[in-house]
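User: I have a structure open and would like to understand how it is put together. Could you take me through it?

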Amino acid sequence: MSLQMVTVGNNIALIQPGFSLMNFDGQIFFFGQKGWPKRSCPTGVFHFDVKHNHLKMKPAVFSKDSCYLPPLRYPAICTFKGNLESEKNQYIIHGGKTPNNELSDKIYVMSIVCKNNKKVTFRCTEKDLVGDVPEARYGHSIDVVYSRGKSMGVIFGGRSYMPSTQRTTEKWNSVADCLPHVFLVDFEFGCATSYVLPELQDGLSFHVSIAKNDTVYILGGHSLANNIRPANLYRIKVDLPLGSPAVNFTVLPGGISVSSAILTQTNSDEFVIVGGYQLENQKRMVCNIVTLEDNKIKISEMETPDWTPDIKHSKIWFGNNMGNGSIFLGIPGDHKQAVSEAFYFYMLKCCDNDVNEDQKTLTNSQTSTEDPGDSTPFEDSEEFCFSAEAYSFDGDDEFDTYNENDEEDESVTGYWITCCPTCDVDINTWVPFYSTELNKPAMIYCSHGDGHWVHAQCMDLAEPTLIHLSEGSNKYYCNEHVQIARALQTPKRAIPLKKPPMKSVRKKGSGKVLTPSKKSFFRRLFD
C-alpha cells in the first residue's frame, strides 16, 4: 500500500463528507456537493481529474432530455450493466439527503449519451416505482444481482426520519433505523417488492455490501436502536425464475465489526476494506482483505498503510472508492493554523493490478463519516454509500470554469433562517401553516437592495395573497423594507391633458370677449 497527499487546485470547498464518485469508462465524476448547484454549474456534477497527485474539478453537462439530479449526499449507488451497448455502463442512485436535509426516495439512472476527447454528456432519468416502494432513506446500500439472464436491484438497510406523529420538540429531526427488509427492484418495469427477514430483528445501516452474480454479502454495519456495531456477515441469494423471485437469507460466521468502511476492488475476486469506525469515537485503523471464491467468502487482516500523524490523530475521516485498488481519503484541516483548508486529502493505492472491465462483480459501501455542520462528530448519521470501478484516465482541460465564489453561505440561506427580528419559525418546532406547505415553510423574496428571502408566515401574509404574489411578476417588499420602498417610490409623471382651444365671441355693442359658456348664456338672453 502507498499513501500520497493530494492537492486540490480549485473548488476544494465542494468536497465535503457525503459526496459520491462515478466512473464511466475510465473517467471519474463527482457529485453530491453540500450546497445547491449554482449558475456556473447548474448540474452539480464535476469531472474528477487527478494527475500527478493534483486534483482538478471541471463542470460536466447533461443532455436536454435529462431530468434534474439534486446534489444528494450519502445516497446508495451502484453500477448496472444493461442489455444494450448504449447501456453498458450505468449508475443507479437511490435515496440520500438534499442540502435542506430532506431525504429522497427517488431512483435515478445515470448514463453517457455523448463522449469525445473534450467533453462527456450525461443523461439522467428518474425511475417511477410501484408496489412496496422503499421509504426515503440514507446510509443504505443498493446492488444489482444477475440470475437466469435477468437482473434485479437489491436495497437493504438505511436510516430515515422518525414519523411526524412520533416527533417531539427536542427530537424533531431524530432518525431511526429502517425496518430490516430486503427490497427487490425491477429497473425495467419499476416494480418493487419487500421481503421480511425473520433472522433480522433490528435495522442496520452504514454497512459494506459486495454483490457478485446472484449473491449479495453484507458486512458490519451499525444498529442505531442498540448503538452497537455487531460483527455481521450476511448472505442474500436471489433466484430469478420465470415466476416470483426467491430470496434466501443466511447468517454466516466470521464477520467484522465496522461501520462506514470504504471498499475497493483489487481484482475480480478480491476486495480491500479500509477505514470506518469500530466505536462511536474511534476510527478503525485495521484493513481487511475479502476473497470470494466458489460461493464462499473469506475475510482476513492485511498490512495497514503507513498512516500519517494527521490521519492517526484526526477524529473523523471520509472518502470514496476510486476503483483499481485506489481510495480517496479526506480528514479535517488543522484549524489552529492562521491559514488552513477545511479538509486535507490523500490517495491510498492498495495494489497496482488492473481490474477486469467486463467483470460482473459490483461493490458498494457506506463511507465515513460525518458532516460536521449537521450533527456531532463520531456519529454514523452523516455517512454515505458509493460504488465505483475506476481505471487510469487522461483528463482534458477543455471544460468550463466553475466559480466557487458563487457558493452561498449555508448558515444564512435555506428555509431555516431568521428572516426578521420577530421571526418565530424554528426548525425544531415548525409545523405547516399554509395548506400548500409540505415539509418546509413557505418563503417569499423581498426585492429591497440585493434581495433576501423571508417567511410568508412571519410577514403575516394570507394564503390567497401569498398565492397571488407567487403567480405574478410584481416586486414584493417585506414588512421591514416596505416603508423604505414607498419612500423611494415617486409618483408617476402624469401626461397633461390636451384641452381644445376656446372660441371667444364679442357681445354686440360691447368690447368684452365671452367664453363659450357665457356666449351661450347671452345668446339665450338676447334671442
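Analyst: Certainly; please keep in mind that this is a predicted model. A good place to begin is the largest nonpolar core, which has 20 residues; Ile15, Phe30, Phe48, Leu55 and Phe328 are the members that touch the most others.

User: Which elements give two or more residues to this core?

Analyst: They are strands S1 (2-8), S3 (27-31), S4 (45-51), S5 (54-59), S28 (318-323) and S30 (343-349).

User: Is there another core elsewhere, and how many residues does it have?

Analyst: Another core of 19 residues lies apart from the largest one, and Cys420, Cys423, Cys458 and Met459 are among its residues. As a general point, nonpolar side chains tend to be buried together in soluble globular proteins.

User: Back to Phe328. Buried or exposed?

Analyst: Phe328 counts as buried, because its relative accessibility is 0%.

User: And what does Phe328 touch?

Analyst: Setting aside residues up to four places away in sequence, Phe328 touches Val6, Ile15, Phe19, Phe48, Leu55, Phe318, Gly319, Asn320, Met322, Phe345, Tyr346 and Met347.

User: How many aromatic pairs does the structure hold?

Analyst: There are 21 aromatic pairs in the structure. One of them joins Phe318 and Phe343: the ring centres are 5.0 Å apart and the planes stand at 85 degrees, so this pair is edge-to-face. Phe318 belongs to strand S28 and Phe343 to strand S30, 25 residues apart, and the pair therefore links distant parts of the chain. Both Phe318 and Phe343 are buried.

User: Why is the pair of Phe328 and Phe345 stacked?

Analyst: The planes of the Phe328 and Phe345 rings are at 15 degrees, with the centres 5.2 Å apart, so the pair is stacked; planes under 30 degrees apart count as stacked. This pair also links distant parts of the chain, with Phe328 in strand S29 (residues 326-332) and Phe345 in strand S30, 17 residues apart. Phe345 is buried, with a relative accessible area of 2%.

User: Which residues form the aromatic cluster?

Analyst: One aromatic cluster is formed by Phe19, Phe30, Phe46, Phe48, Phe318, Phe328, Phe343 and Phe345.

User: What about charges: where does the charged end of Lys97 sit?

Analyst: The charged end of Lys97 sits over the ring of Tyr138, 4.5 Å from the ring centre. Likewise, Lys283 has its charged end over the ring of Trp317, 5.4 Å from the centre of that ring.

User: New topic. What does UniProt list for "binding site"?

Analyst: The UniProt entry, which is unreviewed, lists Cys446, His452, Cys478 and His481 under "binding site". These residues span 36 residues in sequence, yet no two of their C-alpha atoms are more than 10.9 Å apart, so they gather at one spot.

User: Where is His452 found?

Analyst: His452 is in strand S34 (residues 452-455). With a relative accessible area of 24%, His452 is partly exposed. Not counting residues up to four places away in sequence, His452 touches Ile444, Tyr445, Cys446, Cys478 and His481.

User: And Cys478: buried or exposed?

Analyst: Cys478 is buried, with a relative accessible area of 1%. Its place is in the loop between helix H2 (463-471) and helix H3 (482-488). Beyond its neighbours within four places in sequence, Cys478 is in contact with Cys446, His452, Val454 and Met459.

User: Last thing: what is the mean pLDDT of the chain?

Analyst: The mean pLDDT is 78, and 75% of the residues reach 70 or more. Over residues 355-361, however, the pLDDT is below 50. It also stays under 50 over residues 367-400, for which the model has 161 contacts beyond four places in sequence.

Methods
Residues are numbered from 1 along each chain as its sequence is written. This is a predicted model: local features need pLDDT of at least 70, side-chain atom pairs count only at pLDDT 80 or more; totals for chains, interfaces and linings use all residues. Side-chain values use heavy atoms; hydrogens and water are left out. UniProt positions are given in the numbering used here, feature names are shortened, and annotations may be inferred rather than shown by experiment. Helices (H or I, at least four residues) and strands (E, at least two) are DSSP runs, numbered from the N terminus. Buried means under 20% relative accessible area, exposed over 50%, partly exposed in between (1.4 Å probe, protein chains only). Contact means heavy atoms within 4.5 Å. pLDDT is the predictor's confidence in each residue, from 0 to 100. A nonpolar core is a set of buried Ala, Val, Leu, Ile, Met, Phe, Trp, Tyr and Cys residues joined through side-chain atoms within 4.5 Å. Rings of Phe, Tyr and Trp (its six-membered ring) pair if their centres lie within 6.5 Å; planes under 30 degrees apart count as stacked, over 60 as edge-to-face and the rest as tilted. A charge sits over a ring if NZ of Lys or CZ of Arg is within 6 Å of the ring centre and within 35 degrees of the ring normal.
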